[in-house]
Amino acid sequence: MPRTRKQRREVIRVPRGETALPEYDRGTVPEGLVTRRTLREMGLSPGDNEGPVAILRCRLCATRPNWSCRHPTRGFLLRVDLARPKRVPTLAQELALDRAIAARSTCPQCERRYVYCLPLRTVGSCDPCAQGYEPTPGTYVLTTAPVIHRLAA
């Protein structure tokens with residue numbers, strides 16, 4: 001039986017000069033404009049940026065200088081001077097996060113805390129308890145006392 005071909009999305013072509021935001025190819029971005037990922041690597045958050053100020057064109061569109069980039073791989077550029085430092089969580093926030101993670105990763109039957117979240121809504125316990133086998137030692141954390149708190153960060 002022959003395989004059916006995927007339907008291609010129709011590409012909407014817009015001339016490059018009619019776009020609302022300026023577009024830059026990779027390597028030609030002016031100083032002071034970066035993507036969200038680059039901001040995160042610099043330890044900054046978008047801060048007072050109210051939206052992108054320019055578009056970073058994808059590699060495919062670099063070969064088509066007259067058309068604007070409409071691909072999902074394009075990047076949006078933000079201003080670095082409006083960015084702010086990332087907020088640091090307080091100890092109380094870290095404790096609350098750790099308790100929430102502990103509740104999702106601790107089996108109610110065997111009381112082992114796993115390194116991943118358990119399917120407690122659907123199964124109700126860890127997979128070894130549900131299937132009846134001994135878990136691999138590298139998948140859970142050994143504790144002798146009940147989990148009160150363990151800071152995640």
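Helices (H or I, at least four residues) and strands (E, at least two) are taken here as DSSP runs, numbered from the N terminus. On that basis, the chain of this predicted model reads β-β-α-β-β-β-β-α-β-α-β along the sequence. The secondary structure amounts to 3 helices and 8 strands.

## Overall description

The chain has 153 residues, of which 24% count as buried. Its accessible surface is about 12,000 Å², and carbon and sulfur atoms account for 54% of that area. Where residues at least 6 apart in sequence are in contact, 60% of those contacts join residues at least 24 apart.

## The four-stranded sheet

Four strands form an open sheet in the order β1-β4-β5-β2, and their pairing is mixed. Strands β1 (23-24) and β2 occupy the edges; each has a single partner strand, so one side of each is left without a neighbour in the sheet.

The pairing can be followed across the sheet from β1. Strands β1 and β4 run parallel and are joined by 2 bridges. Here Y24 stands opposite L56 in β4. Strand β4 (residues 54-56) is in turn joined to β5 by 3 bridges, and these two strands run antiparallel. L56 takes part on this side as well, with G75 as its bridge partner in β5. At the other edge, 2 bridges connect β2 (residues 33-34) with β5 (residues 75-79), again in an antiparallel arrangement. Within that pair, V34 has L78 of β5 as its bridge partner.

L78 also appears in the surroundings of N49. Residue N49 belongs to the loop between β3 (44-45) and β4. With residues up to four places away in sequence left out, N49 touches L78, R79, L82 and A83. N49 counts as buried because its relative accessibility is 13%, and the cut-off for a buried residue is under 20%.

## Salt bridges

The model contains 6 salt bridges. Side chains of opposite charge can pair when their charged atoms come close. Three of the pairs are listed below, with the distance between nitrogen and oxygen atoms.

| Salt bridge | N to O distance |
|---|---|
| R57 and E23 | 3.1 Å |
| R57 and D25 | 2.7 Å |
| E134 and R112 | 3.1 Å |

R57 forms a salt bridge with E23. This pair links distant parts of the chain, since R57 lies in the loop between β4 and β5 and E23 in strand β1, 34 residues apart. Both R57 and E23 are buried.

R57 also forms a salt bridge with D25. The second pair likewise links distant parts of the chain: R57 is in the loop between β4 and β5, D25 is in the loop between β1 and β2, and their positions lie 32 residues apart in the numbering. R57 and D25 are both buried.

The remaining pair in the table is formed by E134 and R112. E134 is located in the loop between α3 and β8 (140-141) and R112 in the loop between α2 (91-105) and β7, so the salt bridge ties together parts that are 22 residues apart in sequence. E134 is exposed, with a relative accessible area of 57%. Salt bridges that share partners join E23, D25 and R57 into one network.

## Exposed loop residues and a nonpolar patch

The loop between α2 and β7 also holds E111. The phi angle of E111 is near 60 degrees, which is a positive value in a residue other than glycine. E111 is classed as exposed because its relative accessible area is 56%, the cut-off for this class being over 50%.

After β7 (113-114), V115 lies in the loop that leads to α3 (127-131). V115 is likewise exposed, its relative accessible area being 60%. Together with Y116 and V141, V115 makes a nonpolar surface patch of about 260 Å².

Note on methods: Residues are numbered from 1 along each chain as its sequence is written. This is a predicted model: local features need pLDDT of at least 70, side-chain atom pairs count only at pLDDT 80 or more; totals for chains, interfaces and linings use all residues. Side-chain values use heavy atoms; hydrogens and water are left out. Patches are made of residues with over 30% relative accessible area and no salt bridge: like charges are joined within 9 Å, nonpolar side chains (Val, Leu, Ile, Met, Phe, Trp, Tyr) within 5 Å. Accessible areas come from the Shrake-Rupley method with a 1.4 Å probe; for residues, only the protein chains shown count as cover. A salt bridge is a side-chain nitrogen of Lys or Arg within 4 Å of a carboxyl oxygen of Asp or Glu. Buried means under 20% relative accessible area, exposed over 50%, partly exposed in between (1.4 Å probe, protein chains only). Two strands pair if DSSP finds at least two bridges between them. Contact means heavy atoms within 4.5 Å.
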